Amino acid sequence: MKKFLAGSLALMLSVALMACGGAKKEESVAETESGKVQTESSKAETESAKETEKATEGEKTEVQVFVAASLKNVMEDLGAQYEKDNPSVKLVFQADSSGKLLSQIQEGYACDVFFSAAQKQMDTLQEEGKLVEGTRKNVVNNQLCVITRKDSGTKVSGLKNLKEAKSIALADGTVPVGRYTRKALVSLGILPEAEDLSKISTKEVSDALDGVEISEQSNVSKVLAAVVEGSSEVGTTYYSDTYGKDTDVEILEKVSYDLTGNVIYPISQVVNDEASEAEVTEAKKFIDFVCSDAAKETFQKYYFDTNVE
């Protein structure tokens, strides 16, 4: 009888343990399945958030802004300010020489706003009917500079003794800074008078400077880079290009406006037949911001002169 009772108790205990184990297993499976459901749910929420973000990004109004290379830093700063206050707008900047940007606009590249380093390129677009009437404005003035590396040991002190340089970085005549350099050299009598300064070749400049080696560059940023890296002993850039380069660059001369004339930077809205109504509106609003008193402090920070007549 005792053996029977012991066996019965053992059997009951075994059944109970099996039931408990089964329950725990079912509970564990349930928890695993629940975890999977939660993981899938989290994935779905993440994907949904990404899609929403993409959709929001896609709804932004893009404004294509072509800017002279010397404006790149200041315009990126102003662009960030503008986008912060106008989150539905995305500004897309293209920076290069004003001459190259002019050619791209003439070739049909999508452009809503053009900010040139000289009047000549803007005059060309206006004559061709490619500017939106009433939107052209003069924004800032700049100044031509002769620069060198801090440790160059150059004998050059400015344009008057430029021929003493071992090598010069110079933008070609179609680039505003190259044209202003040629104009200053004409004013000093180093170069002969020319009806079209942009057509004075780099070789002609070299010959006028007793055959000094000249590295021709396609924009002002590349002139600066050539001097900073030491491949050219001196170069001519704008004063604004020396911003943030105090430890690398020495300004040998700030060229007088008497030699170059004012270095005015005009801005205008460009006729873009492919632009939506919203893009046209935002382009005009961005130009208004660039020309506002609020933007002047930023331009001055980057060494631009905002006293423009």
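**Exercise 1. In which segment is Tyr-303 found?**

Solution. Tyr-303 is found in the segment after α10 (293–301), where helices (H or I, at least four residues) and strands (E, at least two) are DSSP runs numbered from the N terminus. Its phi is positive, about 70 degrees, although Tyr-303 is not a glycine. With a relative accessible area of 24%, Tyr-303 is partly exposed, given that buried means under 20% relative accessible area, exposed over 50% and partly exposed in between (1.4 Å probe, protein chains only). Asp-210, in the loop between α6 (202–208) and β7, also has a positive phi, near 60 degrees, and at 60% relative accessibility Asp-210 counts as exposed.

The model is predicted, so that local features need pLDDT of at least 70 and side-chain atom pairs count only at pLDDT 80 or more, while totals for chains, interfaces and linings use all residues. Residues are numbered from 1 along each chain as its sequence is written, and side-chain values use heavy atoms, with hydrogens and water left out.

**Exercise 2. Establish over which residues pLDDT stays under 50.**

Solution. pLDDT is the predictor's confidence in each residue, from 0 to 100; its mean over the protein chain is 87, and 81% of the residues reach 70 or more. The value stays under 50 over residues 1–11, for which the model has 0 contacts beyond four places in sequence, contact meaning heavy atoms within 4.5 Å. Residues 48–56 likewise stay under 50, with 0 contacts beyond four places in sequence.

**Exercise 3. Work out the strand order of the open sheet that contains β10, and place helix α2 on it.**

Solution. The order is β2-β1-β3-β10-β4, an open sheet of 5 strands with mixed pairing, where two strands pair if DSSP finds at least two bridges between them. The edge strands, each pairing on one side only, are β2 (89–96) and β4 (137–142). Neighbouring strands are turned by 20 degrees against each other on average, direction ignored. Helix α2 (residues 72–85) packs on this sheet, touching β1 (61–68), β2 and β3 (113–115), and its direction makes about 175 degrees with that of β2; axes are lines fitted to C-alpha atoms, for helices over the stretch in contact, and angles run from 0 to 180 degrees between N-to-C directions. Finally, β4 and β10 (residues 263–269) run antiparallel and are joined by 5 bridges, with Asn-141 having Ile-264 in β10 as its bridge partner.

**Exercise 4. Describe the open sheet that contains β8 and the surroundings of Gly-158.**

Solution. Here 5 strands follow the order β7-β6-β8-β5-β9, again with mixed pairing, and the edge strands are β7 (213–217) and β9 (249–254). The twist averages 35 degrees from one strand to the next. Helix α5 (residues 176–187) lies across β5 (144–149), β6 and β8, at about 110 degrees to β8. Gly-158, in the loop between β5 and β6, is buried at a relative accessible area of 4%. Residues up to four places away in sequence not being counted, Gly-158 touches Val-146 and Glu-253.

**Exercise 5. Check the span of helix α9 and locate its buried residues.**

Solution. The expected span is 1.5 Å times one less than the number of residues; for the 14 residues of α9 (residues 277–290) this gives 20 Å, which agrees with end C-alpha atoms 20 Å apart. Glu-282, Ala-283, Phe-286, Ile-287, Phe-289 and Val-290 are buried in α9. They lie on the same side of α9 because they cover an arc of only 155 degrees around the axis, the arc being that of the directions from the helix axis to the C-beta atoms.
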